Structure formats: structure tokens, C-alpha cells
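The questions below ask how certain descriptions of a protein model are reached. Each answer sets a value beside the criterion that applies to it.

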Amino acid sequence: MLCLTLTGSTLEENRALVERNRKWISIAELRLDFLTPDEQKIASSFPSTIDIPVILTMRRKEDGGQCILGEKQRLQLLYEASKGDFAYVDIEEDVKKSDLKFKDVFFEQKVDLESSLKNRGIKIIRSYHDFECVPADLFGRIQKLAGKGDIPKVAVTPKSMMDVITIFRVQQELSAIKEKIVLGMGPFGVCTRILYKKCGSLLSFCSDGQGAPGHLTAQTMSELYRADRLDSRTHIYGVIGNPVAHTASPKIHNPGFDAIRYNAVYVPFLVDSVRAFFKLAEMIQIHGFSVTVPHKRSVQPYLGRITREVKQIGSCNTVVRIQNMWKGINTDYYGFLAPINDKIANGEIRSALVIGAGGASRAVVWALHNHGVKVTILNRTAEHAKTLADETMSSYDSLDNAHLYTGSAELIVQTTNVGMGNLEGQDPCPSLEFCGNETVYELIYKPPLTPFLSKAEKAGCTIIGGAQMLMEQGKLQFEAFTGYHYPYWVQVDL
Ligand code: ATR
């Protein structure tokens, strides 16, 4: 089940949130702590005005909520609201039994909230939050919370891939507890939210916009990741990196899987330790994954087989499980070549100028060299270019001399990160002029038109943007993962 967290300040606002997200969710959580005091008083009416089950929650500030009232007042408001037709009421694990007894003015008698909820068929969620870490006794805590017959909820904060493994182990260790809610908060926890069923969790929380750290929108959870439709037979794929949140690859692979009706999902994994990730990959049977910065080199000791390109470039961007062995390939190499293959084959491109000598440049220079193109590498730090140039029998020079190379090559490739992120709007070599008959290839895809590419377009050059290479390498990964061509009818919006 996907549960939309309702953080509107009025019930009307929350009803609109449910309506807007209705097709992606099957349950909602009304956050009493986000409502204005006047709206809190009428919150009990909320469940009967929408057509899905509702969880009632009044979260304290220290548990990540908004409520700063004293404990007595907070619980009194929770009690009053809980008279509505809620499906679940969330009560924090440390709330004492004695604090859940209320004097009801209407019935003029003492009421025990727990018994009252149970008598009305409302289930209690016993919640535990940890914003610092994953506690060492996580399994024991869940068992204890479940002990009273309530639904345990643990929202903890993984700080490493090892912590993520602990969260995924919950289902192995505690499969006897059928109904439980388990989730990892923060950037490391994103994969546990998408693969919540693998963690044995009854539901996963999502928001309308960006909610708690790591929260995904209901639309992303349901349409992109199909999180609520994954099952025990779903094949898991993903991308590992650090950071990884910005990666566009899920937008390539998930719609592709859907289009060919392949029961699979592609998930971003924030990875600090490649070794730990391979452990997780064995544990939850990951079938293949993309590799991005900074792990393209560090995955290699874990691979049983690598292709010639991986060996030459020293960089692996795709890992697939083949007969219980991990095989590393490099789809950047062929993905880069795809848009210019014909021009190389018919002799239109015989020489190339490559700007940059980092990881991305290595794939480009080797691909060009192996296809008979004479390469000159221009780099800010000439010594970095020398190593790659020596390996590939290329020439090299400092970027300061870029102006000397105007008109020297049929292809110019920009591989540095100048033009994106905090270097957006910059040109790595302003002194390099274009004649207009070159093919200019930019590897940056965001923004789609960097100053470098814009300069080339204005000069009349044939331009190729980074989105093309990204898509081409993605299609090759898709083939390696599934054995099928990427479905041509899928429109990918990078
Ligand atoms: P990637 O894997 O994306 O290629 P990288 O391996 O860190 O990233 O390489 C970054 C490339 O961009 C290098 O060629 C780097 O030049 P240096 O070898 O001199 O470091 C280049 N680069 C980064 N910032 C730059 C800048 N401000 N001006 C020019 N080149 C820059």
C-alpha cells in the first residue's frame, strides 16, 4: 500500500491532496500536528469524507512532527480526534498506558484509548523513530512493539549501506510478524521506501511534494517505480553511486521494463561501500546494476568477468549477473559511438579533439582510438592528459593552448564537468573557435545546451547533446539486463 502523508493545515486542503493523488494511493495519514488548532477540533470528521482508510497521527517535534504541546494536551487532542472513523491510530512506543486514560466529558466516565480503539476495530500502530541511526537492537525493538498485538512501526535513519542491509534483514528475521511498518529515512533510505515489500513493510509513505527527507511523491512511487505492484518474483535492478539522487537512469529503465511487460524494477542505491552493496545484491538477489561516480573503478575487484573495454578504459558502468557470476561491461563506450558511427565508418571523422582527461574522457578516447580516429587530448592539467595519451597513442596539450587547435579536427568532444552543476554557464575553453564544419559532441545532458554547445551551434556545426549518449548507453544497459532491445515506442523525458 502507498500511504500519502497529509500535511495540509486544513481538512479541506488535505481532501484536495487526497483527490489529486487518489489514483496512486490506497491509504492516507492525517497529520493532526500540521492542522490549525480550529481544524484539529473537527478532525474526527475527516475519514468519513474520503473514500480510503486513514491513519491518525499527532507527531511530536522530537519525532519529526510539528506538535509542541505538552504531552497531556497532545494526547487529549489525539483522543478527541480518534472518535472519528479512522482505520489506524498511531501511538508512539514510549507513551505510558496510564497516559492513555481520558475523562470523557460526554460519557462522563473514564475511557481507556487503547480498549476503545480496539472495541471499534481501529488498529493501533506503535511507532518508534530514530533520526540519528539504525539502532543496534532494531529486531528486538520491533518484536517488543509487536508484543502487545499492535502494528509495530520503525522509522530509522540508515547512515551507510551496512545500515540499509540491517533494514532489509527485518523481513528475514521477523517474517512471523505479518503486519509491520519498516522504513529507512534520509538519502540512504530511499531504496527501502521503494522496495518496502522486500523489507516486509505493510506500506510505504509518500508525499504530494517533497515531504520528509527521502520522501518520494506518490506519482513517482507508483508510476515510475510501481512500488505497490512489486512482488516476490520482481527482478531488482538499480544504479549505485554517491550521490545518486540526480541520476536519470530510472526514467530510462523503469518505463522500458513496463513497456515489455517485464516484472522488474530499477532503483537508485546510495552506496558508500561497494563491498557492502555486493552483500546486499546477494541478499535481495539484484540481477544487474548501473555504476556511476565514484564506483566505476572500485567495483572491479568484485567482478568475475570483464569485457575488453572495461579492461582498457579501467572503468565499468554496468554489472550483470550471469550464471551466478558478476560480469562488468562498459556501455558508455558504445553509447558514445552510436551517434557518430556512420560518420566514422564513411571517413567523415578521422581526427578528434577531446576536451578533458577524466573518467568520461577515457571511454571516449579509447572508443575513438579503437576505431581508427586520431585523437588530441586537451586538458587543464597536462600531466593527466599525458597518461591517457600514452596509453592510446594520442597527442595531448594544455587547455591554455586550445586556440591553436581551431580547424584541426572533424570531431570535438567536451568531456569535462564545466557547464553543469556549480559550473553551469561556463565554457571550458573559450579561446577555441569553431569553423562551422565540425561535429561538436557535448557529454553534459543537463542543461541540454551548454555555452560550449551553443557556441558550436551558432558557428553552424553539427551538434550532439549529452542526452543522446545517455540514452544510447542506457539502451545498451537495458539489452544487457533483459536480453531485449529497448522498446522504440517509449518516450523518455530525461
Ligand atoms: P568525469 O568522470 O566526469 O570525467 P573526472 O574524472 O573528475 O570526472 O574528470 C574531470 C575532468 O574535468 C578532468 O579532465 C578535469 O581536469 P583536470 O584533470 O585538470 O582536473 C576537468 N575539469 C574539472 N574542472 C575543470 C575546470 N574548472 N576547468 C577545466 N577543466 C576542468
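Q: Which residues of α5 and α6 meet?
A: In this predicted model, Leu 138, Phe 139 and Ile 142 of α5 meet Thr 166, Arg 169, Val 170 and Glu 173 of α6. By class, this contact has four nonpolar, one polar and two charged residues.

Q: Why is α5 called oblique to α6?
A: Helix α5 (residues 138-146) packs against α6 at an angle of about 50 degrees, with the axes 10 Å apart. Angles under 35 degrees count as roughly parallel, and those from 65 to 115 as roughly perpendicular. The angle of about 50 degrees fits neither range, and therefore α5 is oblique to α6. The crossing of these helices, α5 and α6, is right-handed.

Q: What makes α6 roughly parallel to α10?
A: Helix α6 (residues 161-173) and helix α10 (residues 274-283) pack at an angle of about 15 degrees, and their axes are 9 Å apart. The cut-off for roughly parallel is under 35 degrees, so α6 is roughly parallel to α10. In passing α10, α6 makes a left-handed crossing.

Q: Which residues make the contact of α6 with α10, and how do they divide by class?
A: From α6 come Met 161, Met 162, Val 164, Ile 165, Phe 168, Arg 169 and Gln 172. From α10 come Ala 276, Phe 277, Lys 279, Leu 280 and Met 283. They divide into nine nonpolar, one polar and two charged residues.

Q: Why is α14 described as roughly parallel to α15?
A: The axes of helix α14 (residues 359-370) and helix α15 (residues 382-392) cross at roughly 25 degrees and come within 10 Å. An angle under 35 degrees counts as roughly parallel, so the term applies to α14 and α15. The crossing in which α14 passes α15 is right-handed.

Q: Which residues make the contact between α14 and α15?
A: Ser 361, Arg 362, Val 365, Trp 366 and His 369 belong to α14, while Leu 388, Glu 391 and Thr 392 belong to α15. By class, the contact of α14 with α15 has three nonpolar, three polar and two charged residues.

Q: Which residues are the closest to the ligand?
A: The ligand is surrounded by 13 residues, and the closest are Ala 357, Gly 359, Asn 379, Thr 381 and His 384.

Q: What makes the approach of Thr 381 to the ligand a polar contact?
A: A polar contact needs a pair of N or O atoms within 3.5 Å. An oxygen atom of the ligand is 2.4 Å from an N or O atom in the side chain of Thr 381, so the pair meets the criterion. A polar backbone atom of Gly 359 is 2.9 Å from an oxygen atom of the ligand. For a polar backbone atom of Gly 358, the distance to an oxygen atom of the ligand is 3.5 Å.

Q: Which peptide bond leading to Pro 294 is cis, and what is its omega?
A: The bond from Val 293 to Pro 294 is cis, with omega near 5 degrees. Pro 294 lies in the loop between β13 (286-291) and β14 (305-306). The peptide bond from Lys 446 to Pro 447 is also cis, with omega near 5 degrees. Pro 447 lies in the loop between β21 (439-442) and α16 (451-458).

Q: What is noted about phi of Arg 226?
A: Phi of Arg 226 is near 50 degrees, a positive value in a residue other than glycine. Arg 226 lies in the loop between α8 (218-224) and β11 (235-241).

Note on methods: Residues numbered from 1 in each chain as written. Predicted model: local features only at pLDDT ≥ 70, side-chain atom pairs only at ≥ 80, totals over all residues. Heavy atoms only, no water. Axes fitted to C-alpha atoms, helices over the stretch in contact; angles between N-to-C directions. Helix = DSSP H or I, 4+ residues; strand = E, 2+ residues; numbered from the N terminus. Parallel < 35°, antiparallel > 145°, perpendicular 65-115°, else oblique. Left-handed = near helix turned anticlockwise from the far one by under 90°. Contact = heavy atoms within 4.5 Å. Nonpolar A, V, L, I, M, F, W, Y, C, P; charged D, E, K, R; others polar. Near = heavy atom within 4 Å. Polar contact = N/O pair within 3.5 Å; in protein donor to acceptor, adjacent residues only side chain to side chain.
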